[in-house]
Amino acid sequence: MIPIHFLIFKLPHSQIDYFCGMISIPHKAKQFLVLLAKLLIVGGAFYFIYNQLANNDKLDWSKFIVLFRKNQSVLGISFILLLSVLNRYFEILKWQNLAQVIHKISVYEAAKQVLAALTAGIFTPNGVGEYAGKALYYPKTEAKRVVFLNLICNGIQMILTVIFGIFGLLYFNAQFNVITTKTVLILFGGFAFILIVLFSIKKIKIKGHSIEKLIHKINEIPKSVHQKNIFLGICRYLVFSHQYYFLFLGFDVDLPYLTLMAAITSVYFLASSLPTFQFLDFAVKGSVAIYFFGILGVNEWIVIFISTLMWFLNVVLPVVLGSYFVLNFKTKTTE
């Protein structure tokens, strides 16, 4: 027997509207369903967080506690926490900047939308739920624009990760010869070929959309908004990459600045290329980091702990705050 919810999602919008019109949901029942959805999102987020922290046998807490007591510093801890705040703050400013294309919002409103969306997207592939989370704060008529703007917001961060990552990989490879020069040239040639092909077929439409149409939509956004988006994206990248760097220093890893930063940018570049879930983010980055930092002679448990701390500071803590906004989310009564 086919589940009723499966049939509903397969129906066109007009039929869904008709279906909903035939079945009137009492106000109290609707409130209960909304509350249930909120609790499922928050409960699911906290379950996945607990599961990853409690059942990861690679985390040697005794070693961490010994090293923490040895190097504990109120100033150092405060500095690392400040970088986490700045990381998320720049992301909030990015969204506030882009959201003004629809209408101007305050920093608080942007924070509410970003943190609630992060919570909603923690257990969806590549944070897809984040797009839906932000769209819920806007009328349905603006849903497509919200998704598009969020794509721009995340897209610039990905582009910066690729740019910094390529330079990091080249420097790291020049130092340790991980792959041959021939392989590097083949990779760059392949990347250039893909770009040429994409722009040469930009008029070809896929489900009514084309690259040319996408570029036109991007150009409709004021240049000042794009410039500010790029600037804030660079600031955010520098913050979280250097937070990674300072954590390594805190764990007594003594390596040259450029070598360590090259490894960090390479890890972010390669890890971001892999499809994953937010709650598995530290596991993916940790796996890639073990390879790169293993070449540098860094102990595996240190790499795993730092990857876990980065995930905890930059995903778990914002999700805890975002849970408050999810639970206090008010559904719109008007379109």
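Let me begin with valine 107, which is found in helix H6, residues 107–120, where helices (H or I, at least four residues) and strands (E, at least two) are DSSP runs numbered from the N terminus. Valine 107 is partly exposed, with a relative accessible area of 34%, and the cut-offs here are under 20% for buried, over 50% for exposed and partly exposed in between, with a 1.4 Å probe and protein chains only.

Before going on, I should say that this is a predicted model, in which local features need pLDDT of at least 70 and side-chain atom pairs count only at pLDDT 80 or more, while totals for chains, interfaces and linings use all residues. Residues are numbered from 1 along each chain as its sequence is written, and side-chain values use heavy atoms, with hydrogens and water left out.

Valine 107 also belongs to a nonpolar patch on the surface, together with Phe79, Leu82, Val85, Tyr89, Phe246 and Leu249, and the patch has about 570 Å² of accessible area. Helix H5 (74–99) and H11 are the elements that give two or more residues to this patch, and H5 supplies the largest share, 4 residues.

As for confidence, pLDDT is the predictor's own score for each residue, from 0 to 100; the protein chain averages 77, and 66% of the residues score at least 70. Among the elements, helix H11 (residues 223–250) has the highest mean, 94, and helix H1 (residues 4–10) the lowest, 37. Over residues 1–23 pLDDT stays under 50, and for this stretch the model has 5 contacts beyond four places in sequence, a contact being heavy atoms within 4.5 Å.

Turning to the whole chain, the secondary structure comes to 14 helices and 0 strands. Of the 335 residues, 41% are buried, and among contacts between residues at least 6 apart in sequence, 75% join residues at least 24 apart.

Helix H8 deserves a moment. What span should the 34 residues of H8, residues 143–176, have at 1.5 Å a residue? The expected value is 50 Å, and the end C-alpha atoms are 48 Å apart, which agrees; the expected span is 1.5 Å times one less than the number of residues. After H8 comes asparagine 177, whose phi is positive, near 50°.

Within H8 lies asparagine 150, which is buried, with a relative accessible area of 0%. Leaving aside neighbours within four places in sequence, asparagine 150 is in contact with Trp95, Glu130, Tyr131 and Lys134.

How values were computed:
Patch = residues over 30% accessible without salt bridge, like charges linked within 9 Å, V, L, I, M, F, W, Y side chains within 5 Å. Areas by Shrake-Rupley, 256 points an atom, 1.4 Å probe, with all protein chains shown as cover. Salt bridge = Lys/Arg side-chain N within 4 Å of Asp/Glu carboxyl O.
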